[in-house]
Amino acid sequence: MKKSLVLLGMLCLTSTLNAQKLTEKNVKEIVKAMTLEEKAKMVIGCSASAFTGYGNSTLYVPGSAASTAMIERLGIPPTVLADGPAGLRISPTREGTDQTYYCTAFPIGTALACSWNSELVENVGATIGNEVLEYGVDVLLAPGQNLHRDPLCGRNFEYYSEDPILSGKMAAAYVRGVQSQGVGTSVKHFAVNNAETNRKDNDSRLDQRPLRELYLKGFEIAVKESNPWTVMTAYNAINGQQSMESRELLTDILRNEWGFDGYVMCDWAYAGLRVTDKELWAGNDLLTPGSDQQYEEVLAAVKSGKLKESDLDLNVERILGIVVKSPRFHGYKYSDKPDLKAHAEVARQAATECIVLLENKNNALPLKNTGKNVGLFGISSYDFIAGGTGSGSVNKAYTINLLDGFKNDGYTVNSELTAFYQDAIKKQLEVASLTNPYAAYLGRTALPEVSINAKMIEQSAQQDDLAVVTIGRSNGEGLDRHAFEDYLLKSVEKNLLMQVSNAFHKQGKKVIVILNISGATELEPLKEMADAVVCCWLPGQEGGNTVMDVLSGRQNPSGKLSMSIPVNYFDANTHDNFAYDYTGPSAMGKYAMTPYPKRKNVHFTEYEEGIYVGYRYYNTNNVKLSYPFGYGLSYTTFSYSNPTVKAEKDGFTATITVKNTGNVTGKEAVQLYVSAPAGGLDKPKCELKSFGKTKELKPGESQTLTFKVDSYSLASFNEKASQWETASGEYKLMFAANIEDVRQTASYVHKNAQNWKVNNVLKRVE
Ligand code: BGC
C-alpha cells in the first residue's frame with residue numbers, strides 16, 4: 001500500500017514536471033492538456049474571501065475585485081482584476097506594513113468627455129495604466145461607457161455622454177491609453193445598462209434601431225478602434241435576455257460582427273442569480289466574482305451534456321489568450337511605487353481642460369482686479385467631491401478642496417465662514433458614518449447643504465471682495481438620483497444662492513458659482529443669481545487647484561457639455577420611463593428577487609423614446625434647454641472659416657479653419673453634425689458624426705481641423721431589413737461650436753445608397 005502511494009506520488013510529480021507550460025503560442029494545446037476540473041476552475045473568478053462587497057477580495061492585490069485562477073501544473077499564473085474608471089481602485093493600506101498604496105483620482109468619465117479631446121483621454125488612460133502595472137494589477141475594470149439615457153442614472157458620472165459617437169471615441173481613447181502600458185481593460189457594462197434601480201432584475205425593452213444606433217454603437221466603436229482585452233456584461237436583461245446569458249449579444253454581435261477576440265466577464269453576479277451553463281455557452285467566459293457553487297455547476301453541466309466540453313474549451317481558450325498578454329504572465333516585477341506626484345499633475349491638467357464655463361457676465365472671469373478676500377459658501381467648498389461612489393471611486397491620498405485652492409493662490413478666505421462650515425462638516429460626518437452602512441467601502445457621498453444665517457452672509461458681503469458658492473452633487477453605484485432635491489436644486493441651496501447674490505450684488509461685488517457635480521442638474525436659477533458659473537464636475541483629487549487654474553486665468557476653459565441640460569428634469573422625454581422617485585429596495589440593498597408583481601421602471605424599462613435620446617430629442621423638437629449639448633464658453637473668441645468637403649472612396653473628408661479672434665490663448669472644440677437627406681429613414685434633425693479640438697491657439701493664430709467620416713458612420717439601422725443603410729443624396733454638414741451654434745455649413749453628396757446586413761437578433765418580445 002505504502003509503496004503504491006509513493007509510486008503514485010512520483011507519477012504525479014513527473015507529470016507536473018513534464019506537463020507542458022503555457023506560452024503565448026500554445027494556448028490551444030494547453031486547453032487540450034487540461035482536466036475538466038482545471039477548465040472549470042479557469043472560468044470561475046476567484047475572490048480570496050467570500051464576496052463581501054468591495055473589501056480586500058484577493059490575495060494578490062488587496063482591494064482588487066477578483067482574479068483568474070492559477071494552475072501551477074500548466075504554468076498558468078493568476079491575473080488580477082481591479083476597478084476603475086476614474087483611477088485604479090485598490091486598498092490604500094495593508095496589514096503589517098506602513099507603506100501606502102494610494103492611487104491617483106482623475107476626473108470622472110463625464111468630465112473627461114467634456115474635454116472633447118481624445119489625446120487627453122488617451123494620456124489619462126496611459127497614466128492610470130501605469131498605476132495598474134506598477135501595483136501588480138493585470139486588467140482594469142474600466143472604462144464604463146453606457147449612454148446617459150436619462151439625466152438621473154446613478155452611474156452616469158462613470159459614463160461619458162448622451163451621444164454614442166462621443167462615448168465610443170472617448171472609451172476607445174481610454175482603452176488605447178491604458179493598454180499602451182501592457183495591461184488590459186474591460187469595457188463595461190455591455191449593454192443597455194442605463195439605470196441602477198433594481199439593476200440585477202430589470203429588463204431594458206427597446207427596438208433594434210435604438211439598440212444598434214445608440215446603446216451598442218459606443219461599444220462597437222470601442223471594440224473596433226481599441227481592441228480591449230475584455231468586455232464586462234451588464235446586470236440587466238435586454239428584451240428578455242439576460243446580458244450575461246445572451247449568445248445573440250456576446251457571440252452573434254460582439255464576436256462575429258465586430259470581431260472582438262478577448263474574453264467576456266460578467267458583472268459581479270452571485271451564484272444562483274444566473275444560469276451558469278447558459279452564460280458560458282452565450283460567450284460570457286469568466287464568471288466573476290465566482291463561487292464554489294458555480295464551479296460545481298460547470299462540472300455538472302458538462303457531465304450531463306448541457307454544456308459541450310468544446311464550448312467550455314472556447315471559454316478557457318479566450319481567457320488564456322489574455323493571460324499570456326498579462327504582466328504577471330511575463331513575470332513583471334512591479335514596484336508598488338508609481339510616480340504619484342507626476343500623475344497628480346496629469347490629473348490636474350486633464351481636469352482643468354474638462355471644466356465647462358457656463359456663464360461669464362461682463363467678463364467676470366478670469367479674476368483680475370478683484371481683491372484677495374473671498375467669502376466661500378456651500379459645504380462642498382470645504383468638502384470638495386473628487387469622484388463618485390461605489391466601485392468607481394478611488395482611494396486617493398488627498399483631495400484639494402476649494403478652500404485650499406484659494407489659499408494656494410494667495411487668497412484670504414473669510415475665517416468665520418470657514419469655521420462655520422468646518423464645524424458643520426465635522427458634525428455631519430459623525431452622523432454619516434453611523435447611518436450609511438456602505439460608506440466604508442463605497443466611498444462617502446456629498447454632504448447635505450446647511451443653512452447659514454443671514455448675518456454671516458451680510459458680514460462677508462461687507463468685508464470680502466468676492467463670493468464663491470459651491471453646489472455639490474455626488475452619486476454612485478446602486479442608486480439612481482431623484483428628480484426632487486437632487487436634479488432640482490434644493491431649497492436650502494436656492495436660499496443660499498439668493499441671499500449671497502443679493503448681499504454681494506448690493507455691494508457691487510461678484511458672485512461666482514462652482515458646480516462640483518456628477519452630472520446634469522437644474523441650472524436655470526443660477527443664470528440670474530451668478531456672475532459666472534463654472535462647472536468642474538467631480539474633477540479628481542486636484543479639484544481645488546484645477547478650479548483656480550481657470551478662475552485665475554492661468555488656463556483658458558475649453559470644456560464643452562457632453563450632455564444637454566434640460567431646464568427641468570421633467571423636460572427629459574425619458575422621465576416617464578425612469579424610476580426618478582423610487583424609494584424601494586435599491587440595487588445595493590435587498591434585491592427584488594421575486595419578479596412579481598412586475599413594476600414599471602423597476603422590473604422592466606420601456607425605451608419608448610426610441611432613437612430620440614438627449615439632443616436627438618431636444619434639438620429635433622426645439623425644446624428650450626438651460627444649456628445645449630456641446631455648449632461651453634471661453635475667455636477668447638474663435639471664428640470658423642473655409643469649410644471644405646472632399647468625397648473619398650469611402651465617405652468624405654471635411655476641414656474647417658479655426659482662428660483665435662480674441663486676446664487670450666486658448667483651445668476650441670469643434671463639432672461636426674450631419675443632417676441626412678429626406679426620404680430615407682426617419683432621423684433626428686442632425687447627429688454628431690465627428691469632432692476635433694485645436695491645439696492652444698495664440699491670439700490671431702489659426703488651425704485647420706480635419707474630420708474623416710466613412711459611409712458606414714452615416715448609416716441608420718433599418719430593423720425591418722436588419723441592415724445598416726446609408727441613403728444616397730445630399731448630406732448637410734454643420735461645423736458647430738455647440739449644437740445650437742452652427743458656424744459654417746457644407747454639403748456632401750453620397751452617390752450610391754449602401755447597406756450592411758447584420759444578424760437579426762435581440763428582437764423586442766411582443
Ligand atoms: C460593478 C462593476 C464593477 C464590479 C467589481 C460591480 O458591482 O457594477 O462595475 O467592476 O462590481 O467591483
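## Ligand site, sheets, cores and backbone of a predicted model

A polar side-chain atom of Asp 267 lies 2.7 Å from an oxygen atom of the ligand, a polar contact being a pair of N or O atoms within 3.5 Å, where within protein one must be able to donate a hydrogen and the other to accept it, and residues adjacent in sequence count only if both atoms are side-chain atoms. Taken alone, the ligand exposes 310 Å², and the protein buries 99% of that; accessible areas come from the Shrake-Rupley method with a 1.4 Å probe, and for residues only the protein chains shown count as cover. This is a predicted model, in which local features need pLDDT of at least 70 and side-chain atom pairs count only at pLDDT 80 or more, while totals for chains, interfaces and linings use all residues. Residues are numbered from 1 along each chain as its sequence is written, and side-chain values use heavy atoms, with hydrogens and water left out.

The polar side-chain contacts to the ligand are listed here.

| Residue | Distance from a polar side-chain atom to a ligand oxygen atom |
|---|---|
| Asp 267 | 2.7 Å |
| Lys 188 | 2.9 Å |
| Arg 199 | 3.3 Å |

Around the ligand there are 14 residues, of which Asp 83, Arg 155, His 189, Asp 267 and Glu 477 come nearest; a residue is near a molecule if one of its heavy atoms lies within 4 Å of it. The shell divides into 6 nonpolar, 2 polar and 6 charged residues, where Ala, Val, Leu, Ile, Met, Phe, Trp, Tyr, Cys and Pro count as nonpolar, Asp, Glu, Lys and Arg as charged, and the others, Gly among them, as polar.

Turning to the strands, helices (H or I, at least four residues) and strands (E, at least two) are DSSP runs numbered from the N terminus, and two strands pair if DSSP finds at least two bridges between them. Strand E26 (residues 729-738) pairs with strand E27 (residues 741-750) in the antiparallel sense over 9 bridges, and these two strands form a hairpin with 2 residues between them. Tyr 731 has Tyr 748 in E27 as its bridge partner.

An open sheet of 4 strands follows the order E8-E7-E5-E17 with mixed pairing. Strand E8 (241-242) and strand E17 (604-606) stand at its edges, each with a single partner strand, so one side of each is left without a neighbour in the sheet. Within this order, strand E5 (residues 203-205) and strand E7 (residues 237-238) run parallel and are joined by 2 bridges, with Asp 203 opposite Ala 237 in E7.

The largest nonpolar core (a set of buried Ala, Val, Leu, Ile, Met, Phe, Trp, Tyr and Cys residues joined through side-chain atoms within 4.5 Å) has 132 residues, and those touching the most other members are Leu 358, Phe 377, Phe 406, Ile 514, Leu 515, Trp 537 and Leu 551. Helix H6 (residues 164-179) gives the most to this core, with 7 residues. A second, separate core of 46 residues includes Met 34, Val 43, Ala 66 and Leu 307.

Most residues other than glycine have a negative phi, and most peptide bonds are trans. The bond from Ala 142 to Pro 143 is cis, with omega near 5°, and the bond from Leu 365 to Pro 366 is also cis, with omega near -5°. Asn 622 has a positive phi of about 50° and, at 63% relative accessibility, counts as exposed, whereas Ser 722, with phi near 50°, counts as buried at 5%; buried means under 20% relative accessible area, exposed over 50%, and partly exposed in between (1.4 Å probe, protein chains only).
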